[in-house]
Amino acid sequence: MWGGAGCGERAAGAGQAVARASRGGDFWHFLGAAGDRLTDLLAGNPRAPATRAVVVSAAMAKWGQGDPRWIVEEREDGTNVNNWHWTERDATIWSKGKLRELLVGIAMENEAGRCEISELKQVEGEASCNSRKGKLIFFYEWNIKLAWKGTVKESGAKHKGLIEIPSLSEENEVSDTEVNVSKKKGDGEILKDLMRTTGTAKVREALGEYLKALKTEFTTGMILPTKAVATQELTLQRKLNENMLQASPVALGVRIPTVALHLTELFDTTVEQLYSIFTVKELVQKFSKSPAVLEAERGGKFQMFDGNISGEYVELVTNRKIIMKWRCRNWPEEHYATVELNFVPAPGQVELQLDCKGVPVCKEENMKFCWQKQHFEEIKGLLELTAQNA
C-alpha cells in the first residue's frame with residue numbers, strides 16, 4: 001500500500017527539495033534542530049531513523065489559546081486527548097474467535113435434507129482497527145475454509161464438503177464476497193445445492209455480524225469521550241440510575257444449559273513465573289497485548305482483552321492454585337463460569353491443569369479457543385521472548 005518504486009522516487013525527490021531549501025530558507029532556520037532532523041529524514045541520511053522529527057508550525061494547535069486539540073491540563077494522564085492522535089489495535093486474535101463463534105454450527109434444512117457447518121478448518125489473515133482524529137478506520141483480510149456435513153432425508157445418506165471464502169476484506173461488500181461450496185466425490189448434489197443457496201446466504205449473514213461486532217464490540221474504549229461528551233454521558237447515566245432505583249426489581253434470566261471443560265498444558269518455566277503471569281498486571285498485559293485491570297486477591301476484580309473477559313478472584317494459593325468467577329462479554333448477562341487453575345511442578349516444566357464449570361453449551365468451542373490460543377500460545381510466546389532477552 002505504501003511501497004513501490006513510485007513512492008521511492010517521490011520520497012527521494014522530496015528529500016532533494018528539502019535539502020536544497022534547508023541550505024538557505026528562513027523557515028528551516030526557524031525550525032532549528034527539528035528542521036535538521038526532518039532534512040536528514042527526507043534526504044535519506046543514515047542517522048535519520050534514530051531520530052523522530054517533530055515539526056511545529058503556526059497552523060498547528062496553540063497551547064493556552066482554547067484549541068480543542070490541546071485539552072491536556074484537564075486530564076491527569078493526558079492520553080490521546082480528544083482522539084487526535086493515531087492509535088492502532090490488533091484485532092486478529094479476537095477476530096479468529098469471533099468468526100469461529102459465528103460460523104460453526106450454522107444449519108440449514110429443506111424438504112430434501114439438512115446441512116450444518118461443522119468445523120472452522122482454516123482462518124488465515126489479519127485485522128486491525130485504527131483511530132485518528134476521532135474516526136475509526138478498519139483493515140481486515142481473511143482467507144477462510146469451513147467444513148460442512150449433511151444428511152439426505154429420503155435415503156439417510158451422509159455427505160461432507162468444504163466452504164471456501166478466499167478473500168473477505170474491506171475492499172468488498174459482504175454481499176459481493178466470494179463463497180465457494182464443494183463436496184467430496186459421490187452422490188449428494190442435492191445437499192450441495194442447499195449449501196450453495198441457503199448456506200451461502202447464511203454464511204454471508206454471519207460475516208456481516210462479524211463486521212458489525214468488529215466495529216462496535218471490539219472498538220469499545222478506542223474513541224475517548226471529549227469533555228463535553230463525557231459530561232453529557234454522566235448526566236444521562238445519573239438519570240438512568242434514578243429511573244432504575246424507582247423501577248420494580250426484575251428477576252434475572254433463565255437457567256441455561258452448561259458444560260464442563262478440562263484442559264492441560266505444559267510450559268517450559270517455573271511454577272513461580274507461570275503463577276505470576278496470571279496475577280501480575282504488567283505480565284497479563286504483555287501476553288494479552290491489551291490493557292488489563294487486575295486485583296489479584298480474594299474478592300478482587302479483573303478485566304482482560306479490553307474488557308472482553310472479566311470476573312473475580314475467589315481463591316488464590318500462591319504458586320499452587322487460582323479459582324476465579326469468569327465470563328466473556330457476549331455470555332448471557334450475569335452468568336459466570338468457575339475456572340480453577342492448578343500449577344503442578346514437573347522436571348524442568350510446569351503442568352497447568354484447567355477445570356472450568358458452567359460454560360454455556362453454545363460457547364464451548366469458543367471457550368477452548370480462548371484458552372488454547374489466546375492464553376496458552378500467547379503465554380508460551382512471552383516466555384520464549386523473556387528467555388531470549390535474559
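## Lys 121 and the positive patch

In this predicted model, Lys 121 has a relative accessible area of 46% and is therefore classed as partly exposed, because that class covers values between 20% and 50%. The residue belongs to strand E3, which spans residues 113–132.

Lys 121 is one of the residues that form a patch of positive charge on the surface. The other members of this patch are Lys 149, Lys 158, Lys 160 and Lys 184.

## Asp 176 and Arg 204

Asp 176 is found in the loop that connects strand E5 (158–169) with strand E6 (180–183). Its relative accessible area is 57%, so Asp 176 is exposed; the cut-off for that class is over 50%.

Between Asp 176 and Arg 204 the C-alpha to C-alpha distance is 9.0 Å, and the two residues are 28 residues apart in sequence.

## Aromatic pairs

A pair of aromatic rings is described by the distance of the centres and the angle of the planes. The structure contains 11 aromatic pairs. In the pair of Phe 287 and Phe 305, the ring centres are 6.4 Å apart and the planes stand at 70 degrees, so the arrangement is edge-to-face. Phe 287 is part of helix H8 (residues 281–288), whereas Phe 305 sits in the loop between strand E9 (301–304) and strand E10 (309–317); the pair therefore ties together parts that are 18 residues apart in sequence. Phe 287 and Phe 305 are both buried.

Ring pairs also join Phe 267, Tyr 275, Phe 278, Trp 326, Trp 331, Phe 343, Trp 371 and Phe 376 into a cluster.

Conventions:
Residues numbered from 1 in each chain as written. Predicted model: local features only at pLDDT ≥ 70, side-chain atom pairs only at ≥ 80, totals over all residues. Heavy atoms only, no water. Patch = residues over 30% accessible without salt bridge, like charges linked within 9 Å, V, L, I, M, F, W, Y side chains within 5 Å. Areas by Shrake-Rupley, 256 points an atom, 1.4 Å probe, with all protein chains shown as cover. Salt bridge = Lys/Arg side-chain N within 4 Å of Asp/Glu carboxyl O. Lys, Arg positive; Asp, Glu negative; His and termini not counted. Charge placed at Lys NZ, Arg CZ, Asp CG, Glu CD. Helix = DSSP H or I, 4+ residues; strand = E, 2+ residues; numbered from the N terminus. Buried < 20%, exposed > 50% of the residue type's maximum accessible area, 1.4 Å probe, protein only. Phe/Tyr/Trp six-rings, centres within 6.5 Å; stacked < 30°, edge-to-face > 60°.
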